[in-house]
Amino acid sequence: MTEQKQEFIREAAKRIFAKEFNMSKFDIKPDDDDKAPTFVITPTGAMANRVLISGILTAKEKKTEPNVMYTGKLNDNTGNFSITASHFNPTAQQMMSMVKEVPSFVTVVGKPSIYKRDDGRIFTSIRVESIVVTDKTTRDLWILDTARATLDRIAIMKKNEDDWSKGVTEQYKPDLAGFETLVQNAVNTIVE
Amino acid sequence: VKFKKEETVVIDVTDTTNRILDLFKAKSIDLKSAKISKEMSDLVNVYGMNISEAERTITGKYAKENNVIIYTNARSSAIRDINTLKTSNEWVTVEGKCISANKVANTNKIFMKVVIADRTGAIPVTLWSRKAGEPMLPEMKEDKWYRISNVVTNLYNDVLSLSVVKTGEIEEIGEKDIADSEPTLVKDVGVGIFNLKCKVIQLFESKSDKIAQVGLIGDESGIIKFIAWKSANLPAVEVGKAYLFTYVQSQKYNDKYSVTINEFASTTDEITVPSKHMEIIGNLVSIKAGSGLIRRCTVEGCGRSISRQNYCTIHEMQTDFKYDMRIKGVIDDGITAHNVIITLPTVEKMSGILLADAIKIAETNPLGADEVFYRITNLCLGRYFVIKGSAYPDRVFVNDADKLDYKEFKKITDLHQTAKQTSITGDA
C-alpha cells in the first residue's frame with residue numbers, strides 16, 4: 001500500500017472546449033471506494049473531475065417540481081455546456097439565482113458527468129459548484145487557456161507512448177487534426 | 001541428527017574493560033584486567049546485557065567493594081567538543097554554556113531539561129531526578145557555564161542528547177570563550193540544534209494558547225516553519241525583519257522540519273529568500289468562508305480572526321477588535337489547485353474595495369460583513385490573475401496579484417488568430 005495522505009488534495013479544474021467535452025463517452029473511477037471521485041475522459045485524453053468553463057449563459061431555467069433545480073446553457077464559441085444546480089447544493093443555487101440577465105458572460109467551476117439514456121444516447125452535463133458573472137476578457141483568456149491545455153493534450157496523444165494515450169486512442173480513435181482545427185477556430189473567434 | 005551450533009557474534013569488551021581499569025587506576029586501585037574482561041564478557045555475551053549497562057554494573061560493583069565513589073573520577077576524562085558527539089551510549093564530559101533551562105513540571109522522573117552549547121555546537125541535556133540520599137544536582141541557570149561530567153549520550157527520535165544519570169556530575173565553571181558559530185543554512189537543517197540567520201516571512205494564526213508565535217522564516221536556501229512557545233517568554237518577531245536565531249531546536253514531523261526558536265538578535269544583514277518565490281497564472285476558482293472583511297483580536301501579539309460577536313478562541317470575549325480583509329482561496333492553473341492566502345493590500349488591489357469602504361459597507365448594510373464577501377466574490381471569483389507569492393508545501397502566501405492581461409497571455413501561450421472570426425457555434 002502506498003503512503004496514505006491525510007490531507008485532502010483538491011483536483012485541478014480541467015480546461016475543455018464544449019465541442020470536445022460533449023463528445024465524451026467514458027468515465028472512470030480509479031478507486032473502488034463509494035466516495036471516490038469519478039473522472040470523465042475526453043477524446044483528447046483529459047481526465048476531469050472538475051472543470052473550469054467560461055462563456056455566455058444563453059439560457060437559464062428554474063424547475064420547482066419535484067425539487068428546485070436550475071439548468072442552463074453556457075456557450076463557449078465551440079458549443080454549449082449543459083449546466084445544472086440542484087437542491088443538494090444551495091450555494092450553487094443561490095449563485096445561479098444571482099445571475100439576473102441572460103445572456104451574460106459567466107464563469108463556472110463544476111463537476112462533469114456523463115449520462116446514458118435508455119435509447120443509448122450519451123449526454124454530458126456539469127454540476128455547478130460556483131457560477132459568477134464575469135466579462136468578455138475573462139472569456140477570451142479562458143479560450144487561450146483552454147486552447148493551450150487542449151494542444152498540450154493533443155501533443156501527448158500524438159506521441160501515443162504512454163498507456164493512457166494508447167488507451168484513450170483505442171477507445172475514441174480521435175481525429176487529432178480535427179481537434180487542432182477546433183482549437184484554432186476557437187482562438188479565431190476572439191475579437192480583439 | 002547433529003545440531004549445528006548457532007553462530008554468535010562476540011561483542012568486544014576490550015575498550016570498556018580498559019576504561020574501567022583506568023577509572024580505578026586513577027583511584028590507585030589495581031583491578032585484574034583478565035577478571036574484568038571475563039566479567040564484562042559474561043554479562044554482555046552470555047547474559048546479553050547492554051554493554052553500557054554492564055560497564056556501569058561492574059564499575060558500581062568494584063566501587064562498592066573498594067569503598068570509593070567512582071563517578072567523581074570522571075573529571076579527569078577529556079572534555080569533548082559537542083560537535084564530536086555522534087553516537088549513542090558514549091560516556092562523555094563536556095563543558096558549555098547553558099542556553100535554555102526548563103524545569104519539567106509533569107513528571108517527577110526528570111528534574112530539568114536544558115540545552116548547553118560550546119563553541120562547536122549545542123546539545124540537549126536531560127537531568128534525571130535523584131533519589132533521596134543521592135548527591136543532588138544543581139539547578140542549572142541560563143547563561144551560566146557548566147562542566148557536565150560522566151554522562152551518557154542517548155539517541156532518541158534521531159536526536160542526540162546527554163543523559164545525566166546517577167554517575168553524572170554537574171559543576172558550575174567560569175565563563176569561556178564562545179565565538180559565534182556560523183549559522184546553518186535552512187536547507188541543511190536536520191534534527192538537532194542549529195543557528196539560523198533568517199528573515200521572518202509570514203506569521204500564522206495559532207489555535208493554541210501555549211504558542212506565542214508560529215510562522216515561516218527563511219534564508220537564501222529555503223523556508224522553514226518556526227514555533228515560539230509562550231513559556232520561552234520571547235519578544236515577538238516581525239514579518240520582513242531579519243534575525244540571528246541561536247540554538248533553534250529542529251524537529252521532524254510528517255517528513256517536514258520545523259524549528260523551535262530560543263533566543264535571537266536582530267540583524268541588519270540583507271536576507272533575500274528567492275528560491276521559494278513563485279508566480280502562478282491561474283483562475284481564482286474558489287473563495288472560502290473566512291474571506292472578506294474579518295475582525296481580529298487586539299490583544300498584544302494575538303491578531304487572530306475573531307467571530308462577529310468578538311469571540312477570540314484564546315482571549316474569549318473582546319470589547320475591541322480590528323478590521324482586516326483577506327481572501328482564503330484557490331488559484332487553479334489547470335494542473336494544480338494552489339491554496340492561497342491573500343492579505344489586505346492585495347485584496348484591495350484585486351477587488352478595488354478599500355478597507356475603509358468595506359467597513360462602511362458592512363456597517364450600513366443589513367447583511368453586514370457578508371455583503372463584503374459577496375462583493376469580493378462577484379469581483380474576483382472566476383477571474384484570471386498573475387499571482388506572486390511565497391510557496392509553502394500546502395499553500396501559497398500571495399505578496400502581489402495582477403489581473404492577467406490578454407495581450408500578455410497571448411504572448412505566453414503563443415497562440416495567434418489565423419483568420420477573422422469564424423463561426424463554429426452549434427450544439428455537438
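Visitor: How many helices and strands are there in chain B?
Guide: In this predicted model, chain B holds 7 helices and 22 strands. Each strand is a DSSP run of at least two residues and each helix one of at least four, so those runs are what the count rests on.

Visitor: What share of the residues in chain B is buried?
Guide: Of its 428 residues, 45% are buried. The accessible surface of chain B comes to about 23600 Å², with 50% of it on carbon and sulfur atoms. As for contacts in chain B with a separation of 6 or more, 58% are between residues 24 or more positions apart.

Visitor: What makes B:C198 count as buried?
Guide: Its relative accessibility is 0%, and the cut-off for buried is under 20%, so B:C198 qualifies. B:C380 also has a relative accessible area of 0%, which means that this residue is called buried by that cut-off.

Visitor: How many disulfides does a search of the whole structure find?
Guide: The search covers all chains and finds 0. A disulfide would need two cysteine sulfur atoms within 2.5 Å, so no pair in the model meets that cut-off.

Visitor: How do you know what confidence the predictor has in chain B and in the complex?
Guide: The mean pLDDT of chain B is 84, and 91% of its residues reach 70 or more. Residues 72-76 of chain B are another matter, with a pLDDT below 50. That stretch has 11 contacts in the model beyond near neighbours in sequence. Where pLDDT is low, the predicted coordinates should not be read in detail. For the complex, the predictor gives an ipTM of 0.93 and a pTM of 0.63.

Visitor: Turning to chain A, how do its elements run from the N terminus on?
Guide: The order is α-β-β-β-β-β-β-α-β-β-α-α-α, with 5 helices and 8 strands in chain A. Buried residues make up 49% of its 192 residues.

Visitor: Why is strand 5 of chain A called mostly covered?
Guide: Strand 5 spans residues 69-75, and 5 of its 7 residues are buried. Buried means under 20% relative accessible area, so those 5 fall below that value.

Visitor: How do you know that strand 4 of chain A and strand 5 of chain A pair?
Guide: At least two bridges are needed, and 7 join these strands, so they pair. They run antiparallel, and A:I56 has A:N75 in strand 5 as its bridge partner. The two strands form a hairpin with 5 residues between them.

Visitor: What makes strand 5 of chain A and strand 6 of chain A a pair?
Guide: Here too the value is 7 bridges against a required two, so strand 5 and strand 6 (residues 80-86) pair, in the antiparallel sense. A:Y70 has A:A85 as its bridge partner in strand 6. In this hairpin, 4 residues lie between the strands, and A:N77 takes a positive phi near 80 degrees.

Visitor: Which residues touch the most other members of the largest nonpolar core?
Guide: Among its 73 residues, they are A:I53, A:F81, A:I83, A:I131 and B:I376. Another core, of 21 residues, lies apart from it and includes B:L85, B:M112, B:V151 and B:I170. In soluble globular proteins, nonpolar side chains tend to be buried together.

Visitor: What is A:I131 in contact with, leaving aside its neighbours within four places in sequence?
Guide: Its contacts include A:I83, A:A92, A:M95 and A:V108. Contact means heavy atoms within 4.5 Å, so each of these residues meets that cut-off with A:I131.

How values were computed. Residues are numbered from 1 along each chain as its sequence is written. Chains are lettered from A and ligands numbered from 1 in the order in which they are written. Side-chain values use heavy atoms; hydrogens and water are left out. A nonpolar core is a set of buried Ala, Val, Leu, Ile, Met, Phe, Trp, Tyr and Cys residues joined through side-chain atoms within 4.5 Å. Buried means under 20% relative accessible area, exposed over 50%, partly exposed in between (1.4 Å probe, protein chains only). Accessible areas come from the Shrake-Rupley method with a 1.4 Å probe; for residues, only the protein chains shown count as cover. pLDDT is the predictor's confidence in each residue, from 0 to 100.
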